[in-house]
Amino acid sequence: MQQIVVDISISPEEWIKLYQGVATDVHTTARDGRSVRFPARILSRFYLRDGIRGSFRILFDDQGKFAGVERLS
């Protein structure tokens, strides 16, 4: 299984745009330097009153399909 680790900070105002569909993807840089883009909806369970902040491991299967996401401590 493949994985990327990203550090994310999305404000509540930015999240509303993602939630409303004005924007649908998150664009960021993984810790290993790769530029990555993924659907914002995979982070929805991590939304708090102050937005989404933290480090996350995103898992992909061998075909490159999304397999899961977890918050890192």
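Select tyrosine 47 to begin: this residue is partly exposed, with a relative accessible area of 31%, where buried means under 20% relative accessible area, exposed over 50%, and partly exposed in between, using a 1.4 Å probe and protein chains only. What you have open is a predicted model, in which local features need pLDDT of at least 70 and side-chain atom pairs count only at pLDDT 80 or more, while totals for chains, interfaces and linings use all residues. Residues are numbered from 1 along each chain as its sequence is written, and side-chain values use heavy atoms, with hydrogens and water left out.

**The aromatic pair**

Keep tyrosine 47 selected and add tryptophan 15, because the structure holds 2 aromatic pairs and these two residues form a stacked one, with 5.8 Å from centre to centre and 20° between the planes, so that the pair ties together parts that are 32 residues apart in sequence. Rings of Phe, Tyr and Trp (for Trp, its six-membered ring) pair if their centres lie within 6.5 Å, and planes under 30 degrees apart count as stacked, over 60 as edge-to-face and the rest as tilted. Tryptophan 15 lies in helix α1, residues 12-20, and tyrosine 47 in the loop between β3 (35-39) and β4 (52-60). Tryptophan 15 is buried, with a relative accessible area of 8%.

**The whole chain**

Now clear the selection and show the chain as a cartoon, in which you can look for 1 helix and 5 strands; helices (H or I, at least four residues) and strands (E, at least two) are DSSP runs, numbered from the N terminus. Followed from the N terminus, the elements come in the order β-α-β-β-β-β. The radius of gyration of the chain is 12 Å, close to the 11 Å that the globule rule gives for 73 residues, so the chain is as compact as a globular protein of that length; this radius is taken over C-alpha atoms, and the rule is 2.2 Å times the number of residues to the power 0.38. Along the principal axes, the C-alpha atoms fill a box of roughly 35 × 25 × 20 Å.

Of the 73 residues in the chain, 37% are buried. Among contacts between residues at least 6 apart in sequence, 53% join residues at least 24 apart, where contact means heavy atoms within 4.5 Å.

**Strands β2 and β3**

Where should you look for threonine 28? Threonine 28 sits in strand β2, residues 25-29, and is buried, with a relative accessible area of 18%. If residues up to four places away in sequence are not counted, threonine 28 touches Val6, Asp7, Arg34, Ser35, Val36 and Phe38.

From that list, select valine 36 next, which lies in strand β3 and counts as buried at 11% relative accessibility. Leaving aside neighbours within four places in sequence, valine 36 is in contact with Ile4, Val6, Val26, His27, Thr28 and Ala30. If you draw a distance from valine 36 to aspartate 7, the two C-alpha atoms are 12 Å apart in space, although the residues are 29 apart in sequence.

**The loop between β2 and β3**

Which two residues of this loop are worth comparing? Alanine 30 is found in the loop between β2 and β3, and glycine 33 has its place in the loop between β2 and β3 as well. Alanine 30 is buried, with a relative accessible area of 4%, whereas glycine 33 is exposed, with a relative accessible area of 53%.

Beyond its neighbours within four places in sequence, alanine 30 is in contact with Ile4, Val5, Val6 and Val36. For glycine 33, draw a distance to valine 6: their C-alpha atoms are separated by 9.7 Å, and the residues are 27 apart along the chain.

**Serine 11 and leucine 72**

Move on to serine 11, in the loop between β1 (2-10) and α1, which is buried, with a relative accessible area of 18%. Not counting residues up to four places away in sequence, serine 11 touches Gly51 and Arg53.

Finish at leucine 72, in the segment after β5 (66-71), which counts as partly exposed at 22% relative accessibility. With residues up to four places away in sequence left out, leucine 72 touches Val5, Ser55, Phe56 and Arg57. A last distance to draw runs from leucine 72 to glutamine 20, residues that are 52 apart in sequence and 27 Å apart in space, C-alpha to C-alpha.
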